[in-house]
Amino acid sequence: MIFFRLKQKKAQIKMFETIAVLIIFFILLAAGFAFYSNFERHSIKTEQMEQESKEAIEIAQRASLIPELICSSETVTDNCFDLYKVMTFSEMIADEANLNQRMYYYYLFGLSNITITVHPLKNFEREGYILNDSGKRFSIYENIPNTYTSKSVLFYPIIVYEPIYEINHFGVLRVEVYN
Amino acid sequence: MVSNQKRCTKTKKGQTEIFGLVIIVILVTMFFLFGVRQLLRAPEEDFKQSYTQKEVAQYFVSTFLSTTVAPCGNYQVRELILDCARNQNIYCEYGETSCSYLEILLDEYLNASLREWRKHYMLNISVEGGETLYYNDSRYYNDSYVRQFTRTLSNGTVQFDDRLFCLERRQGRAFLPMNPGMVEVTLDICTV
């Protein structure tokens with residue numbers, strides 16, 4: 001009888017030991033899985049951010065190279081925008097009647113907001129100059145969604161050329177891309 | 001017979017334990033390899049930041065140099081810089097010389113761009129192997145940068161550390177020929 005009880009107790013201890021080992025094993029497995037998935041989640045997020053950045057840069061490059069805005073010159077002039085083209089384009093895109101044109105640029109710029117700011121010198125006024133304030137902003141394209149998860153903003157210094165007076169203004173191209 | 005059965009049970013028990021041990025070794029190796037991979041992985045560089053900073057630096061220099069300065073007789077900034085380095089013959093509104101007007105201009109354009117975008121920069125215009133015509137960096141308009149890049153020496157004095165100020169830089173550069181020599185315009189946009 002005593003021998004039987006002793007054997008039963010021994011078996012119970014063994015079973016308890018096995019259960020404890022299994023519990024620890026599964027805890028370790030779960031911790032490892034949580035750790036790994038956390039790492040993966042982080043790398044996926046980084047990749048997604050990189051993708052969004054690339055898209056923003058692509059849109060910014062498209063905006064800085066479209067013939068509708070850049071300077072007309074025999075030689076290639078980097079980051080130069082024609083002031084009169086910018087003004088006309090800005091007016092055209094603001095007019096809601098031009099639905100086809102707006103649709104066309106939607107394929108180029110997607111969900112973004114593109115502006116050009118011209119910075120003439122402060123206190124500089126001269127008869128005949130269009131720009132005589134401390135900075136003028138032109139909206140090139142505006143399609144801001146009501147809700148978005150992230151926003152990438154890029155800035156580039158640009159030359160804004162005024163062909164009639166042959167003057168180069170200092171300007172800033174600002175591109176906001178929404179995701 | 002009994003002894004044989006006992007030996008068989010013992011062998012089976014041994015096999016099970018070895019099996020358990022193998023599983024533990026595999027798991028530990030997997031954790032180890034994963035840890036090593038994470039440690040050896042190169043630090044991720046902010047793609048957008050590195051790309052745009054390079055472009056912004058180069059564009060700022062080229063844009064700035066080509067800008068027309070109407071109050072100085074429609075000269076471009078590059079001509080003002082060269083005049084400042086030579087004999088200062090160009091006079092701007094209110095009788096300002098090319099050198100003093102250059103400072104006004106740069107202040108204006110830096111405010112409209114790099115300072116507004118909170119970029120960490122160093123702009124230097126100097127004659128090759130000679131005097132500095134203009135120098136400005138972000139610490140002149142933002143005190144927090146000074147605090148960020150100072151270190152306390154053993155004698156208790158606080159010193160600005162230039163090496164910490166610009167660890168990684170993207171550079172925009174232009175050379176203006178002067179005959180003889182040249183003027184060098186350098187803009188460093190630093191990663192903090």
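**Notes on a predicted two-chain model**

1. A good place to start is the aromatic side of things: Phe89(A), Tyr104(A), Tyr105(A), Phe109(A) and Tyr141(A) are joined into a cluster by ring pairs. Please keep in mind while reading that this is a predicted model. Searching the whole structure gives 17 aromatic pairs over all chains. One of them is Phe89(A) with Tyr105(A), an edge-to-face pair with 5.0 Å centre to centre and 80 degrees between the planes. This pair links distant parts of the chain, as Phe89(A) sits in helix H2 (residues 83–94) of chain A and Tyr105(A) in helix H3 of chain A, 16 residues apart. Both Phe89(A) and Tyr105(A) are buried.

2. There is also an aromatic contact between the chains. Phe170(A) and Phe60(B) form an edge-to-face pair, because their ring planes stand at 75 degrees, with the centres 5.7 Å apart. Phe170(A) belongs to strand S5 (residues 167–178) of chain A and Phe60(B) to helix H2 (residues 47–66) of chain B, so this pair joins two chains. Phe170(A) is buried, as is Phe60(B).

3. For orientation in chain A, the secondary structure consists of three helices and five strands. Along the sequence, the pattern of chain A is α-β-α-α-β-β-β-β. Of the 179 residues in chain A, 36% are buried. To get a feel for distances, take Gln48(A), which is placed in helix H1 of chain A: the C-alpha atoms of Gln48(A) and Asn168(A) are 39 Å apart, with the two positions 120 residues apart along the chain. Gln48(A) has 45% relative accessibility and therefore counts as partly exposed.

4. Now the salt bridges, of which there are seven over all chains. In chain A, Glu58(A) and Arg62(A) meet through their side chains at 2.9 Å, N to O. The two residues lie four apart in helix H1 of chain A, about one turn of the helix. Glu58(A) is partly exposed at 43% relative accessibility, and Arg62(A) is partly exposed at 29%.

5. Chain B has salt bridges too, including one between the side chains of Asp107(B) and Arg115(B) at 2.7 Å, N to O. Here Asp107(B) is partly exposed, with 35% relative accessible area, whereas Arg115(B) is buried at 11%. Arg173(B) and Glu184(B) form another salt bridge, with their closest N and O atoms 2.8 Å apart. That pair links distant parts of the chain, from strand S7 (residues 168–177) of chain B to strand S8 (residues 182–191) of chain B, with 11 residues separating the partners. Arg173(B) is partly exposed at 41% relative accessible area, while Glu184(B), at 19%, is buried.

6. Two surface patches deserve a look. Lys7(A), Lys10(A), Lys14(A), Lys10(B) and Lys13(B) gather in a patch of positive charge. Helix H1 (2–65) of chain A and helix H1 (2–40) of chain B are the elements that give two or more residues to this patch, and H1(A) gives the most, with three residues. Lys13(B), found in helix H1 of chain B, is partly exposed at 47% relative accessible area.

7. The second patch is nonpolar: Leu99(A), Met103(A), Tyr106(A), Tyr107(A) and Leu111(A) together have about 530 Å² of accessible area on the surface. Leu99(A) lies in helix H3 (residues 99–109) of chain A. The relative accessibility of Leu99(A) is 55%, so this residue counts as exposed, given that the cut-off for exposed is over 50%.

Terms used: Residues are numbered from 1 along each chain as its sequence is written. Chains are lettered from A and ligands numbered from 1 in the order in which they are written. This is a predicted model: local features need pLDDT of at least 70, side-chain atom pairs count only at pLDDT 80 or more; totals for chains, interfaces and linings use all residues. Side-chain values use heavy atoms; hydrogens and water are left out. Patches are made of residues with over 30% relative accessible area and no salt bridge: like charges are joined within 9 Å, nonpolar side chains (Val, Leu, Ile, Met, Phe, Trp, Tyr) within 5 Å. Accessible areas come from the Shrake-Rupley method with a 1.4 Å probe; for residues, only the protein chains shown count as cover. A salt bridge is a side-chain nitrogen of Lys or Arg within 4 Å of a carboxyl oxygen of Asp or Glu. Lys and Arg count as positive and Asp and Glu as negative; His and the chain ends are not counted. The place of a charge is taken as NZ of Lys, CZ of Arg, CG of Asp or CD of Glu. Buried means under 20% relative accessible area, exposed over 50%, partly exposed in between (1.4 Å probe, protein chains only). Rings of Phe, Tyr and Trp (its six-membered ring) pair if their centres lie within 6.5 Å; planes under 30 degrees apart count as stacked, over 60 as edge-to-face and the rest as tilted.
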